[in-house]
Amino acid sequence: MTQLVIASQLDADFNAVIRQRLALTHPGAKVLDVPVGVPSDLPAEVSILLARPINVRGYLAPDTPPPGWPYALQWVQVVSSGIDFYPRWLFNGPPVSTLRGSGAENIAEFALAAIFAAAKHLPQIWVHDPHWNFTALTPLKGSTLGILGFGAIGRSLASKARALGLNVLALRQSQAPFEVEGVQAARDIHELFARSDHLVLAAPLTEATRHIVNREVLASAKPGLHLINIARGGLLDQEALLTALDSGRIGLASLDVTEPEPLPAGHPLYSHPRVRLSPHTSSVSTNSRHEIADGFLANLGRFLAGQPLENPANLERGY
């Protein structure tokens with residue numbers, strides 16, 4: 001039987017977990033550590049590539065694949081949900097699958113944390129001297145959470161928010177019913193912005209959704225809206241956001257993603273008093289090694305059994 005050889009661009013501690021798990025189910029399997037970035041010069045025995053995002057931190061992959069691509073690969077598993085961080089040629093070879101939904105719970109919790117922080121004035125409320133000033137805190141129960149996009153993140157977030165007594169208003173690409181009881185459908189993006197107290201962007205980035213949150217949409221926002229972006233920076237026109245923040249139309253922006261990433265030094269989003277910026281970290285947890293291993297090894301079982309892969313990449317949908 002041919003040895004199973006996997007090339008992985010993940011960090012050493014992630015690969016260690018995969019090796020430990022494979023030792024129990026596929027004792028002869030081998031995992032090779034390969035550099036991040038454009039995959040090149042993969043050994044002929046490698047049949048599977050476990051790939052990290054390529055077009056990140058200001059790097060852009062060439063429009064053409066490296067010589068020899070796709071080598072002897074039979075399957076590529078990317079470790080992200082969205083596929084906008086990869087060059088298009090990556091999808092013109094062997095089947096590509098994503099880890100869509102693997103970080104949904106982490107991201108939903110992060111979005112809720114941002115909502116709690118805004119409503120409860122954290123960390124501003126902490127005191128460091130005996131001069132105490134009391135601040136009225138905003139209750140979450142009865143407020144309205146808007147969600148743009150309703151995949152795994154949207155479902156998890158909606159379920160948690162409903163349990164806390166928030167009204168949930170959502171807008172999704174498809175006409176399928178929402179899978180969470182009590183979620184209302186917005187007629188369009190303008191109604192979504194007009195009715196929401198907190199609004200989470202959870203849609204994939206595609207040509208159709210790039211800058212979908214533009215000047216006109218932000219002008220529809222309920223005054224003082226708290227806008228949270230945990231998806232992709234390209235969904236949001238950042239210049240229009242700065243204008244809306246300065247006018248007070250947007251009361252607060254909690255941004256875990258930007259365009260580009262990182263923002264250049266001196267960018268106004270770093271210092272704006274109504275912006276809370278984090279370094280695209282909402283999906284990363286102390287359990288990420290095991291979450292990625294779970295998704296990859298489940299798909300590996302399907303691949304080896306000749307079954308359809310879960311979460312095949314779809315360029316049109318962006319995941």
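## Around His26

His26 sits in a loop, between helix H1 (12–25) and strand S2 (30–33). The model is a predicted one. Is His26 buried, exposed or partly exposed? Its relative accessibility is 28%, so His26 counts as partly exposed.

Which residues does His26 contact, once neighbours within four places in sequence are set aside? They are Leu300 and Leu304. Leu4 is another residue to find here. His26 and Leu4 are 22 residues apart along the chain, and their C-alpha atoms are separated by 8.3 Å.

## Helix H1 and strand S2

Look next at the two elements on either side of that loop. Arg19 is in helix H1, and Asp33 is in strand S2. Their side chains meet in a salt bridge, with an N to O distance of 3.0 Å. The two residues are 14 residues apart, and the pair links distant parts of the chain. Arg19 has a relative accessible area of 32%, so it is partly exposed.

## The annotated domain

A record adds a label to part of the chain. In an unreviewed entry, UniProt places the feature "domain: D-isomer specific 2-hydroxyacid dehydrogenase NAD-binding" at residues 113–282. How much of the chain over residues 113–282 is helix, and how much is strand? Helix makes up 26% and strand 18%. The end C-alpha atoms of this stretch are 10 Å apart.

## The loop between H2 and S6

Trp132 lies in the loop between helix H2 (104–119) and strand S6 (144–148). Pro130 is found in that loop between H2 and S6 too. Both residues are exposed: Trp132 has 56% relative accessibility, and Pro130 has a relative accessible area of 72%. The cut-off for exposed is over 50%, which is why these two values qualify.

Trp132 also helps to make a surface patch. Together with Val127 and Phe134, Trp132 forms a nonpolar patch of about 430 Å². Nonpolar side chains tend to be buried together in soluble globular proteins. Here, though, Val127, Trp132 and Phe134 make a patch on the surface.

Now trace the chain from Pro130 to Lys141. The two are 11 residues apart in sequence. In space, they are 31 Å apart, C-alpha to C-alpha.

## Thr144 in strand S6

Thr144 lies in strand S6. Is Thr144 buried or exposed? With a relative accessible area of 13%, Thr144 is buried. The cut-off for buried is under 20%, so that value qualifies.

What surrounds Thr144, leaving aside neighbours within four places in sequence? Its contacts are Asn167, Leu169, Arg195, Ser196, Asp197 and His198. One of these, Arg195, also belongs to a network of salt bridges that links it with Arg187 and Glu191.

## Two nonpolar cores

The largest nonpolar core has 31 residues. Phe193, Leu218, Leu227, Leu241 and Ile250 have the most contacts inside it. Several helices and strands each supply at least two residues of this core. The helices are H4 (189–195), H5 (215–219) and H6 (238–247). The strands are S7 (167–171), S9 (198–201), S10 (225–229) and S11 (250–255). Which element gives the most to this core? H6 does, with 5 residues.

Leu218 shows how these parts meet. Not counting residues up to four places away in sequence, Leu218 touches Phe193, Val213, Leu227, Ala240, Leu241, Ala244, Arg249 and Ile250. Apart from the largest core lies another core, of 24 residues. Among them are Ala108, Leu112, Ala161 and Ala202.

## More salt bridges

How many salt bridges does the count come to? It comes to 11. One of them joins the side chains of Arg210 and Glu259, at 2.5 Å from N to O. Arg210 lies in the loop between S9 and H5, and Glu259 in the loop between S11 and helix H7 (268–271), so the pair ties together parts that are 49 residues apart in sequence. Both partners are partly exposed: Arg210 at 36% relative accessibility, and Glu259 with a relative accessible area of 32%.

Another salt bridge joins Arg302 and Glu310. Their closest N and O atoms are 3.5 Å apart. Arg302 counts as partly exposed at 22% relative accessibility. Glu310 is partly exposed as well, with a relative accessible area of 42%.

Conventions
Residues numbered from 1 in each chain as written. Predicted model: local features only at pLDDT ≥ 70, side-chain atom pairs only at ≥ 80, totals over all residues. Heavy atoms only, no water. Helix = DSSP H or I, 4+ residues; strand = E, 2+ residues; numbered from the N terminus. Buried < 20%, exposed > 50% of the residue type's maximum accessible area, 1.4 Å probe, protein only. Contact = heavy atoms within 4.5 Å. UniProt positions renumbered as here; feature names shortened; annotations may be inferred. Patch = residues over 30% accessible without salt bridge, like charges linked within 9 Å, V, L, I, M, F, W, Y side chains within 5 Å. Areas by Shrake-Rupley, 256 points an atom, 1.4 Å probe, with all protein chains shown as cover. Salt bridge = Lys/Arg side-chain N within 4 Å of Asp/Glu carboxyl O. Core = buried A, V, L, I, M, F, W, Y, C linked by side-chain atoms within 4.5 Å.
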